[in-house]
Amino acid sequence: LEFEKAEQELSAGNWLEARRRLQALASASGEFQERAMVRLGQCELRMLRAREGVTVAEWIAAIAVFDGYRDFAGANPVTGAEAIVARRRALDEASYGIVECRSRAARSADSESKRVHYESVLALTENLKATFESRELRPFVATHRFDALIALDRMADAEALAREMLAETPD
(Lines give C-alpha, C1' and ligand atoms only; values in the text may rest on other atoms or scores of the structure.)
Protein backbone atom coordinates (compact mmCIF):
# COMPACT_ATOMS: atom_id res chain seq x y z
CA LEU A 1 0.00 0.00 0.00
CA GLU A 2 2.79 2.44 0.87
CA PHE A 3 4.65 1.66 -2.35
CA GLU A 4 1.45 2.29 -4.35
CA LYS A 5 1.06 5.66 -2.62
CA ALA A 6 4.64 6.54 -3.50
CA GLU A 7 3.97 5.54 -7.12
CA GLN A 8 0.85 7.72 -7.19
CA GLU A 9 2.81 10.69 -5.85
CA LEU A 10 5.52 10.08 -8.42
CA SER A 11 2.98 9.89 -11.26
CA ALA A 12 1.31 13.09 -10.06
CA GLY A 13 4.63 14.93 -9.99
CA ASN A 14 4.62 15.32 -6.22
CA TRP A 15 8.36 14.64 -6.12
CA LEU A 16 9.06 15.56 -2.51
CA GLU A 17 6.26 13.41 -1.11
CA ALA A 18 7.21 10.55 -3.43
CA ARG A 19 10.84 10.89 -2.30
CA ARG A 20 9.83 10.85 1.36
CA ARG A 21 7.77 7.69 0.95
CA LEU A 22 10.38 5.96 -1.20
CA GLN A 23 13.19 6.80 1.22
CA ALA A 24 11.23 5.18 4.03
CA LEU A 25 10.59 2.05 1.96
CA ALA A 26 14.18 1.89 0.67
CA SER A 27 15.63 2.01 4.17
CA ALA A 28 13.34 -0.71 5.56
CA SER A 29 13.79 -4.35 4.65
CA GLY A 30 10.80 -5.88 2.98
CA GLU A 31 9.35 -6.91 -0.32
CA PHE A 32 9.36 -3.37 -1.75
CA GLN A 33 12.82 -2.33 -0.58
CA GLU A 34 14.64 -2.94 -3.87
CA ARG A 35 11.90 -1.46 -6.05
CA ALA A 36 11.82 1.57 -3.77
CA MET A 37 15.59 2.01 -4.05
CA VAL A 38 15.44 2.12 -7.85
CA ARG A 39 12.30 4.28 -7.89
CA LEU A 40 14.01 6.69 -5.49
CA GLY A 41 16.77 7.18 -8.04
CA GLN A 42 14.17 7.64 -10.77
CA CYS A 43 12.38 10.19 -8.58
CA GLU A 44 15.60 12.15 -8.17
CA LEU A 45 16.14 12.00 -11.92
CA ARG A 46 12.60 13.25 -12.63
CA MET A 47 13.00 16.12 -10.19
CA LEU A 48 16.19 17.20 -11.92
CA ARG A 49 14.68 16.83 -15.39
CA ALA A 50 11.85 19.18 -14.38
CA ARG A 51 14.26 21.98 -13.47
CA GLU A 52 16.38 24.25 -15.58
CA GLY A 53 19.99 25.05 -14.80
CA VAL A 54 20.80 21.76 -13.06
CA THR A 55 24.49 21.62 -12.22
CA VAL A 56 26.94 18.84 -12.94
CA ALA A 57 27.23 18.21 -9.20
CA GLU A 58 23.47 17.64 -8.94
CA TRP A 59 23.51 15.11 -11.78
CA ILE A 60 26.45 13.33 -10.14
CA ALA A 61 24.64 13.30 -6.78
CA ALA A 62 21.70 11.54 -8.43
CA ILE A 63 24.10 8.86 -9.64
CA ALA A 64 24.91 8.07 -6.02
CA VAL A 65 21.31 6.93 -5.43
CA PHE A 66 21.52 4.44 -8.30
CA ASP A 67 25.00 3.35 -7.20
CA GLY A 68 23.59 2.73 -3.72
CA TYR A 69 21.12 0.28 -5.20
CA ARG A 70 23.79 -1.44 -7.27
CA ASP A 71 25.96 -1.80 -4.15
CA PHE A 72 22.98 -3.24 -2.26
CA ALA A 73 22.22 -5.70 -5.07
CA GLY A 74 25.84 -6.81 -5.21
CA ALA A 75 25.92 -7.48 -1.47
CA ASN A 76 22.55 -9.27 -1.33
CA PRO A 77 22.30 -12.12 -3.86
CA VAL A 78 18.88 -13.44 -4.82
CA THR A 79 17.77 -16.93 -5.76
CA GLY A 80 14.91 -18.20 -7.84
CA ALA A 81 14.22 -17.45 -11.47
CA GLU A 82 11.60 -14.75 -10.83
CA ALA A 83 13.78 -12.91 -8.31
CA ILE A 84 16.79 -13.06 -10.63
CA VAL A 85 14.77 -11.60 -13.53
CA ALA A 86 13.40 -8.83 -11.29
CA ARG A 87 16.91 -8.06 -10.00
CA ARG A 88 18.33 -7.91 -13.54
CA ARG A 89 15.54 -5.54 -14.61
CA ALA A 90 16.15 -3.31 -11.59
CA LEU A 91 19.89 -3.26 -12.28
CA ASP A 92 19.22 -2.32 -15.91
CA GLU A 93 16.99 0.54 -14.74
CA ALA A 94 19.63 1.73 -12.27
CA SER A 95 22.35 1.50 -14.90
CA TYR A 96 20.20 3.46 -17.33
CA GLY A 97 19.67 6.13 -14.66
CA ILE A 98 23.43 6.43 -14.28
CA VAL A 99 23.92 6.72 -18.05
CA GLU A 100 21.26 9.41 -18.32
CA CYS A 101 22.72 11.37 -15.39
CA ARG A 102 26.20 11.21 -16.92
CA SER A 103 24.87 12.30 -20.29
CA ARG A 104 22.99 15.23 -18.76
CA ALA A 105 26.03 16.12 -16.66
CA ALA A 106 28.04 16.32 -19.88
CA ARG A 107 25.50 18.71 -21.37
CA SER A 108 25.66 20.86 -18.21
CA ALA A 109 29.45 20.78 -17.94
CA ASP A 110 31.93 23.40 -19.03
CA SER A 111 33.83 22.68 -22.22
CA GLU A 112 36.83 21.23 -20.34
CA SER A 113 34.93 18.55 -18.45
CA LYS A 114 32.32 17.65 -21.10
CA ARG A 115 34.77 15.16 -22.61
CA VAL A 116 35.21 13.32 -19.31
CA HIS A 117 31.47 12.88 -18.86
CA TYR A 118 30.88 11.81 -22.46
CA GLU A 119 33.73 9.29 -22.20
CA SER A 120 32.07 7.97 -19.06
CA VAL A 121 28.84 7.48 -21.02
CA LEU A 122 30.77 5.52 -23.63
CA ALA A 123 32.43 3.36 -20.98
CA LEU A 124 29.07 2.64 -19.31
CA THR A 125 27.47 1.66 -22.63
CA GLU A 126 30.44 -0.12 -24.22
CA ASN A 127 28.78 -3.46 -24.84
CA LEU A 128 25.18 -2.36 -25.15
CA LYS A 129 23.51 -5.73 -25.70
CA ALA A 130 25.41 -7.55 -22.98
CA THR A 131 25.22 -4.72 -20.46
CA PHE A 132 21.53 -3.92 -20.93
CA GLU A 133 19.47 -7.09 -21.13
CA SER A 134 16.26 -5.07 -21.25
CA ARG A 135 15.40 -4.58 -24.90
CA GLU A 136 13.02 -1.81 -23.83
CA LEU A 137 15.85 0.30 -22.42
CA ARG A 138 18.40 -0.30 -25.17
CA PRO A 139 17.12 2.39 -27.58
CA PHE A 140 17.26 4.98 -24.80
CA VAL A 141 20.74 3.91 -23.78
CA ALA A 142 21.82 3.89 -27.42
CA THR A 143 20.59 7.46 -27.81
CA HIS A 144 22.87 8.62 -25.00
CA ARG A 145 25.74 6.64 -26.51
CA PHE A 146 25.03 8.14 -29.93
CA ASP A 147 25.01 11.68 -28.48
CA ALA A 148 28.34 11.01 -26.73
CA LEU A 149 29.91 9.70 -29.92
CA ILE A 150 28.77 12.80 -31.82
CA ALA A 151 30.01 15.11 -29.05
CA LEU A 152 33.41 13.40 -29.14
CA ASP A 153 33.51 13.72 -32.94
CA ARG A 154 33.46 9.95 -33.50
CA MET A 155 31.16 10.12 -36.51
CA ALA A 156 31.99 6.73 -38.00
CA ASP A 157 31.18 5.03 -34.69
CA ALA A 158 27.95 7.04 -34.39
CA GLU A 159 26.90 5.97 -37.89
CA ALA A 160 27.70 2.33 -37.11
CA LEU A 161 25.61 2.52 -33.92
CA ALA A 162 22.72 4.10 -35.81
CA ARG A 163 22.81 1.30 -38.41
CA GLU A 164 22.96 -1.34 -35.68
CA MET A 165 20.01 0.13 -33.79
CA LEU A 166 17.93 0.51 -36.95
CA ALA A 167 18.59 -3.13 -37.77
CA GLU A 168 17.52 -4.17 -34.25
CA THR A 169 14.48 -1.89 -33.99
CA PRO A 170 13.51 -0.76 -37.50
CA ASP A 171 10.41 1.16 -36.43
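Across the protein, the mean pLDDT is 92, and 99% of the residues reach a score of at least 70. These scores belong to a predicted model, and they vary from one helix to another. Confidence peaks in helix α4 (residues 56–75), with a mean of 96, whereas helix α7 (residues 128–131) has the lowest mean, 78.

With that in mind, the empty spaces of the model can be explored. Rolling a probe the size of a water molecule over the atoms reveals where empty space is left. The largest pocket found here has a volume of about 270 Å³. Its lining is made up of 15 residues, and those nearest the centre of this pocket are E34, R35, Y69, A86 and A90. Two elements, α3 (33–49) and α5 (81–108), each give two or more residues to this lining. Of the elements, α5 gives the most, contributing six residues. Sorted by class, the lining of the largest pocket holds seven charged, six nonpolar and two polar residues.

The second largest pocket encloses about 200 Å³ of space. This pocket is lined by 13 residues, and R39, Q42, R46, R49 and Y96 sit closest to its centre. Helices α3 and α5 appear again, since each supplies at least two residues of the lining of the second largest pocket. As for the chemical classes, seven residues of this second lining are charged, four are nonpolar and two are polar.

How values were computed. Residues numbered from 1 in each chain as written. Predicted model: local features only at pLDDT ≥ 70, side-chain atom pairs only at ≥ 80, totals over all residues. Heavy atoms only, no water. 1 Å grid on protein atoms, 1.4 Å probe; cavity = no way out; pocket = protein on both sides within 12 Å on 5 of 7 lines; lining within 4 Å. Points joined across faces, edges and corners; volume = space filled by probe spheres on them. Helix = DSSP H or I, 4+ residues; strand = E, 2+ residues; numbered from the N terminus. Nonpolar A, V, L, I, M, F, W, Y, C, P; charged D, E, K, R; others polar. pLDDT = per-residue confidence, 0-100.
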